[in-house]
Amino acid sequence: MLTAVKKEAKIIYLSIKYALVRELLNKATFFSNIFFMVLNNSAMIVQWIILFSIKDNMGGYNFKQVLLLWGLAAGTYGVAHFFFERSFSLSEQIISGRLDTYIVQPKNILLSAIASDISVPALGDIIFSFIVYFIYGFSIKTFPIYILLCITGGLMMSSISIILNSLSFWFNNSDMIADVGNSLVVNFATYPDGIFSGLTKWLLFTIIPVGFINYIPLKVLINFKLYLLMINIVVCITLIFLAYFIFYKGLRKYSSSNLMSARI
Amino acid sequence: MRKYLFIMKSQIMTNLQYVFNIAFSFIGYLIMLFILFNLWKYLYSDPSQLINGYTMKQMTWYVIITEILWMTLGGRKLCRKISNDVKSGNITYNINKPYNYIGYSLSCHLGDILIKGVIFTILGMVTGFVFLGSFPKLSILSIIVVILTSILATTISILLITSLGLISFFIEDAGPFYWVYSKIILVLGTIFPIEYFPTVLQKILNYSPVYVVSYGPAKLFVDFSWDKAISVIIAQIIYVAITYGICSFIYKKGVKRINVNGG
């Protein structure tokens, strides 16, 4: 079991390594992508400066705490898109019958498929996330937790995307549903939960699980409570298993398009 | 001019095949609107309260209009298309055609987004009415002026994004330039009206693209005045000329650098 996990981890490591090498062929583009993404994320700080000039409390959070929410949102997004970029375009591969390349390999199909590409700008998101964390306030206690929460958030985000994209095994045009679902997660993640109420708040902790990806982690970082961290981890593991189950259930319906393709 | 209208018409005909997809993409707009509606509801403790000269209803309508303009535009797609045309060498297919590339790109994209614009406007108005219960008071003539300024705003946006895409002649990936541009427009023009910013910044923004591509039409929709309408239209005409000039300049400089192998 452990050997199998090690082998899969090595595959992901090599996949990312080669993707990085490929991207680094054009260093100017590589670094400008990262730099501009940091700049792009930083621009949204202006929005919060304006909003806090109107009201000094945003849904129970102060400016630094909302900034930390942005950091978490960027960190989870960065982890999901850097390590598992293809989980966001899985339906495209399913519809066009391009999963063959992964099916014929004696490796985990889902892992190979989602980790077969990286998003360079996502590195900018991760860097931005750490900059924001250091502005919020570095501490030996919270730093490992922050990293852990970015990883679990990224895994949850990818899992949700896999679940939604896997609908393409059964329905046509479900890529649109996946796009909407993914944009729901991203858009809600950058606004504090305190501004929402009633049904919306309930939805954010159920159908659109942004609450578990960003809101609970924010509460953990502001005021550490072990049970909240455990909820985060349990939901993360549940979503991973659910994504795995749905993908493999759908894979039985998959039919190849006899498209010649190669992993480069 | 007729050839550009023909290009536009064929794009409209193509897009008519995907009306359902366009209507479905409205959900993304609705999500954003819903979040911002919640945000403004939270900030305005009393709906009749004035913040920087805007009531809650005016602020919500402002965002509805700016988001319609922004979401209809499809700027990322346009920038990527032009950038890819340059990088892949596809742009050479346009060089020997009897039209101007900038004119082609503008008419093609306008045709591409026209149906989306109409659908988003109708659905946006219905959504606004459901959220707020009333429309801003506008005469038929002022509605026409708002539509005209919206078309001019979209034209300027397309030309600005085209110039960003054409940067690919010099730097391989124009995407990052578009991200920064989009964030500037989003933060400084879409979410907040110019009046929300410090006085010094307001003076700069009044001369910036923000004024003509998002603030102008939205401001006229929520608080129409003829003085404002004339100043917006004049500024937009000047901007159309400037952005077209910039696009042509970059294209002329860049096209000399084309080096295509094979075909």
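Is D117(A) buried or exposed? At 16% relative accessibility, D117(A) counts as buried, since the cut-off for that label is under 20% relative accessible area. Keep in mind that this is a predicted model.

**Chain A as a whole**

Let's start with the overall build. Chain A is made of 12 helices and 0 strands, so its pattern along the sequence is simply α-α-α-α-α-α-α-α-α-α-α-α. For 264 residues, a compact globule would come out with a radius of gyration near 18 Å, and the 19 Å of chain A agrees with that. Along the principal axes, the C-alpha trace spans about 60 × 45 × 35 Å.

How much of chain A counts as buried? The share is 52% of the 264 residues. As for contacts, take those with a separation of 6 or more: 75% of them come from residues 24 or more positions apart. On the outside, chain A exposes about 12,400 Å², with carbon and sulfur atoms supplying 70% of it. The chain carries 19 positive and 11 negative charges, and the mean positions of the two sets are 10 Å apart.

**Salt bridges**

Side chains of opposite charge can pair when their charged atoms come close. Over all chains, the search turns up 8 salt bridges. Here are some of them:

| Pair | Closest N and O atoms |
|---|---|
| R86(A) and D117(A) | 3.7 Å |
| D112(B) and K77(B) | 3.8 Å |
| K81(B) and D85(B) | 3.4 Å |

Back to D117(A), then. Its partner in the table is R86(A), with the closest N and O atoms 3.7 Å apart. R86(A) sits in the loop between α3 (63-83) and α4 (90-95), while D117(A) sits in the loop between α6 (109-114) and α7 (120-137), so the pair ties together parts of chain A that are 31 residues apart in sequence. R86(A) counts as partly exposed, at 25% relative accessibility. There's a third member too: R22(A) joins R86(A) and D117(A) in a network of salt bridges.

Over in chain B, D112(B) pairs with K77(B). D112(B) belongs to helix α6 (residues 101-132) and K77(B) to helix α4 (residues 75-88), so this bridge ties together parts that are 35 residues apart in sequence. D112(B) is buried at 17% relative accessibility, whereas K77(B) is exposed at 55%.

The K81(B) and D85(B) pair stays within one helix: both residues lie in α4 of chain B, 4 residues apart, or about one turn of the helix. K81(B) is partly exposed, with a relative accessible area of 38%, and D85(B) is buried at 10% relative accessibility.

Technical notes
Residues are numbered from 1 along each chain as its sequence is written. Chains are lettered from A and ligands numbered from 1 in the order in which they are written. This is a predicted model: local features need pLDDT of at least 70, side-chain atom pairs count only at pLDDT 80 or more; totals for chains, interfaces and linings use all residues. Side-chain values use heavy atoms; hydrogens and water are left out. Helices (H or I, at least four residues) and strands (E, at least two) are DSSP runs, numbered from the N terminus. The radius of gyration is taken over C-alpha atoms; the globule rule is 2.2 Å times the number of residues to the power 0.38. Buried means under 20% relative accessible area, exposed over 50%, partly exposed in between (1.4 Å probe, protein chains only). Contact means heavy atoms within 4.5 Å. Accessible areas come from the Shrake-Rupley method with a 1.4 Å probe; for residues, only the protein chains shown count as cover. Lys and Arg count as positive and Asp and Glu as negative; His and the chain ends are not counted. The place of a charge is taken as NZ of Lys, CZ of Arg, CG of Asp or CD of Glu. A salt bridge is a side-chain nitrogen of Lys or Arg within 4 Å of a carboxyl oxygen of Asp or Glu.
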